Amino acid sequence: MAKYSIDLQAGKVKEDDVVSTRGETIVGIDLGTTNSLVAHVRDGRAVAVAGPDGKSVLVPSIVHFQADGMTLVGDAAREQLLTAPERTIYSVKRLLGKSYRDLAQVKDRFGYRIIDEDEDRLVKVAVRDAEGKDRYYSPIELSAQILKSLKTRIEAELNSEVSRAVITVPAYFNDAQRQATRDAGKLAGLDVLRIVNEPTASSLAYGIGLTDEDEGRTIAVYDLGGGTFDVSIMRIEQGIFEVLSTNGDTFLGGDDFDQAIVDFWQRKYDLDIQSSAQRGEVRLVAEAAKRALSRQDSYTAEYHGQQLQLTREEAESHWGPLVEKTLQSCALALKDAKLEKEAIDHVIMVGGSTRIPLVKQQVADFFGREVNNSLDPDQVVALGAAIQADVLAGNQKDVLLLDITPLSLGIETVGGLMDPIIPRNSKVPTKVGRKYTTSVDGQVKLKVAVYQGERDMVADNRKLGEFILENIPPMPAGIPQIEIHFYLDADGILRVKATENRSGTEQSVTIKSQYGISEEEMAMMLLDSLKNAEADMSARGLVEAKTEANNVLLSARKFIRQNEDWLSDNQVSEIQSYTDDLAKAVDGDDKDEINRRMESLNDFTAPLAHEALDRNVAAAMKGKDV
Ligand code: AMP
């Protein structure tokens with residue numbers, strides 16, 4: 001029996017949960033931009049599952065809405081791509097977790113309508129129904145359709161219900177995109193036990209990271225699909241996978257290789273390509289030529305009775321620049337990971353386009369080593385997801401994938417500012433401590449209010465709880481040493497402990513950080529923080545200026561009290577006039593004005609402070625025998 005326990009919130013299952021699956025298979029899903037697949041481990045081997053016709057394991061990631069409102073997914077939907085493009089949604093993955101603003105630059109590339117009711121909200125796709133009314137679908141709902149179809153496929157294969165899955169996402173997916181993927185799973189009736197990075201899954205598919213290796217391994221995963229390219233550099237150490245860097249091009253893939261052939265033929269044969277249907281048709285012919293050239297040296301295609309010839313050499317001369325672009329990304333990824341090519345132990349090839357001999361050879365030349373391409377490049381990710389699922393089901397040895405916390409955790413400091421103690425994307429479990437002190441003389445209590453979120457003001461974040469540290473011995477402001485520790489465990493449970501070091505007084509609270517918050521809300525909180533980043537920064541600046549100004553005011557008043565015996569009436573009234581001006585500025589909202597007034601007060605009082613110091617020293621000397 002497995003001894004491990006892996007986080008549920010971000011994918012951890014306890015051994016008890018494993019037993020409670022009643023032998024139910026946990027499946028692995030590659031939710032791709034072009035194609036999606038479902039896989040499971042059967043008799044100790046990961047296999048991708050074909051449809052009832054037994055033909056292909058690939059399900060085109062396409063959803064078509066029929067006039068009657070019914071949906072088609074996969075091959076049946078793809079058939080509608082040319083005839084009803086406005087009701088046939090492809091590349092949904094590009095929309096997941098994105099706002100209209102994110103997509104403004106690329107929205108015209110889609111054959112369907114993307115809705116912009118509010119620039120910063122997550123996008124929706126509009127599809128007109130039989131009555132001419134628009135219906136709106138979120139990318140989460142659309143992805144859920146694809147996931148449902150995969151669920152049906154695997155249930156038919158296994159002849160039993162499947163309700164738990166591991167789904168892969170690109171390493172560069174942000175929290176919003178990961179949460180959206182999770183939500184899509186939920187909507188499809190799948191409990192998503194874990195979201196796994198695609199390059200991690202690819203490594204697992206090749207068995208890398210599954211065995212106890214004393215020394216670590218550094219891996220490059222080169223993934224060239226139909227429409228996207230990405231490369232990830234990963235470090236695997238004792239079962240822990242860490243993405244060191246990623247690079248790529250979200251609009252570079254097999255489609256561009258097809259287009260290069262179309263362009264070549266067009267020049268050579270002066271092809272007549274006018275309508276978008278013709279364009280679609282000739283591209284399919286070009287794709288067939290491309291695939292054939294992965295196996296043979298030359299190919300003759302036919303397009304409307306015309307013979308179109310192409311040799312591998314010709315094709316390669318036009319593909320060269322495309323491959324070169326991917327290698328530049330590889331170089332950048334290495335640079336970001338601060339590694340030389342020689343540091344890479346394995347190069348894993350993923351995505352259908354890595355079948356192209358030129359790609360294989362150039363990548364091998366670039367890294368100066370043989371590439372791993374023995375598995376079907378279309379299936380690698382799904383197979384790895386299935387292995388990860390099998391690990392979670394308790395069928396394999398412990399493979400611990402690092403988890404991260406999705407939102408920052410912190411406390412409220414003076415002026416209602418958020419002080420993040422565990423920043424988002426920190427690996428968990430984790431423990432962080434920070435020192436604080438009091439802001440008022442004789443302060444005997446300190447309220448510790450714990451918040452979650454990315455905004456600068458706690459009022460905009462989510463309050464998780466609070467407690468009061470009492471019995472701080474009365475001391476001047478700034479003297480007590482209060483240490484606050486955050487302990488976040490792998491299940492998202494946060495324990496906050498405050499200790500006053502001089503007296504040893506201590507207080508703590510335990511909070512479930514993810515409790516009662518939906519993934520959608522988390523995604524919204526993150527989006528909010530991005531949207532308000534600039535406003536937040538100036539709000540923080542203002543609060544900080546006010547806090548500092550209040551301290552300066554307190555010191556100035558204290559200074560007058562302590563030195564009234566020698567300060568002239570004129571000097572006192574001058575200081576008072578400067579402090580009045582500063583106090584007025586503090587009541588306002590102009591940070592620069594506050595800083596200016598603070599400076600004027602300081603300029604005036606600095607020489608007086610010097611004098612006070614001299615007088616104090618002189619007084620001290622007087623009382624002493626020299
Ligand atoms: P993916 O997004 O990983 O499913 O990759 C699909 C891409 O791989 C498409 O652009 C296909 O044209 C391409 N592809 C599939 N098989 C081959 C092949 N034998 N040779 C070249 N490209 C291929």
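# Ligand shell and sheets

Of the 15 residues around the ligand, those that come nearest are G226, E287, K290, S294 and R355. The structure is a predicted model. Helix α8 gives the most residues to the ligand shell. Beyond the ligand, this briefing covers an open sheet of 3 strands, an open sheet of 4 strands and the hairpin of β16 and β17.

**Ligand shell**

- The shell around the ligand divides into 9 polar, 5 charged and 1 nonpolar residue.
- Helix α8 spans residues 276-293 and supplies 3 residues to this shell.
- K290 is among the residues that come nearest to the ligand.

**Polar contacts to the ligand**

- A polar side-chain atom of K290 sits 2.7 Å from a ligand oxygen.
- N35 also uses its side chain: an N or O atom there is 3.0 Å from an oxygen atom of the ligand.
- S353 uses its backbone instead, with an N or O atom 3.2 Å from a ligand oxygen.
- The protein buries 88% of the 500 Å² that the ligand exposes when taken alone.

**Open sheet of 3 strands**

- The strand order is β8-β9-β10, and the pairing is antiparallel.
- β8 (113-115) and β10 (134-137) are the edge strands, and each pairs on one side only.
- Neighbouring strands here are turned by 40° against each other on average, with direction ignored.
- Strand β9 covers residues 124-128 and pairs with β10 over 4 bridges, in the antiparallel sense.
- Within this part of the sheet, R128 stands opposite D134 of β10.
- Helix α4 (residues 139-158) lies across β9 and β10. Its direction is about 80° to β10.

**Open sheet of 4 strands**

- The order is β21-β20-β24-β25, again with antiparallel pairing.
- β21 (417-422) and β25 (462-469) each have a single partner strand, so one side of each is left without a neighbour in the sheet.
- The twist from one strand to the next averages 30°.
- Strand β20 (residues 409-413) runs antiparallel to strand β24 (residues 446-452), and 3 bridges join them.
- L409 has Q452 in β24 as its bridge partner.

**Side-chain layout in strands**

- In a regular strand, side chains alternate between the two faces of the sheet.

**Hairpin of β16 and β17**

- Strand β16 takes in residues 298-303, and strand β17 takes in residues 306-311.
- The two strands pair in the antiparallel sense over 6 bridges.
- A301 has L308 in β17 as its bridge partner.
- The hairpin has 2 residues between its strands.
- H304 in this hairpin takes a positive phi near 50°.

Key. Residues numbered from 1 in each chain as written. Predicted model: local features only at pLDDT ≥ 70, side-chain atom pairs only at ≥ 80, totals over all residues. Heavy atoms only, no water. Near = heavy atom within 4 Å. Polar contact = N/O pair within 3.5 Å; in protein donor to acceptor, adjacent residues only side chain to side chain. Areas by Shrake-Rupley, 256 points an atom, 1.4 Å probe, with all protein chains shown as cover. Nonpolar A, V, L, I, M, F, W, Y, C, P; charged D, E, K, R; others polar. Pairing = 2+ DSSP bridges. Axes fitted to C-alpha atoms, helices over the stretch in contact; angles between N-to-C directions. Contact = heavy atoms within 4.5 Å.
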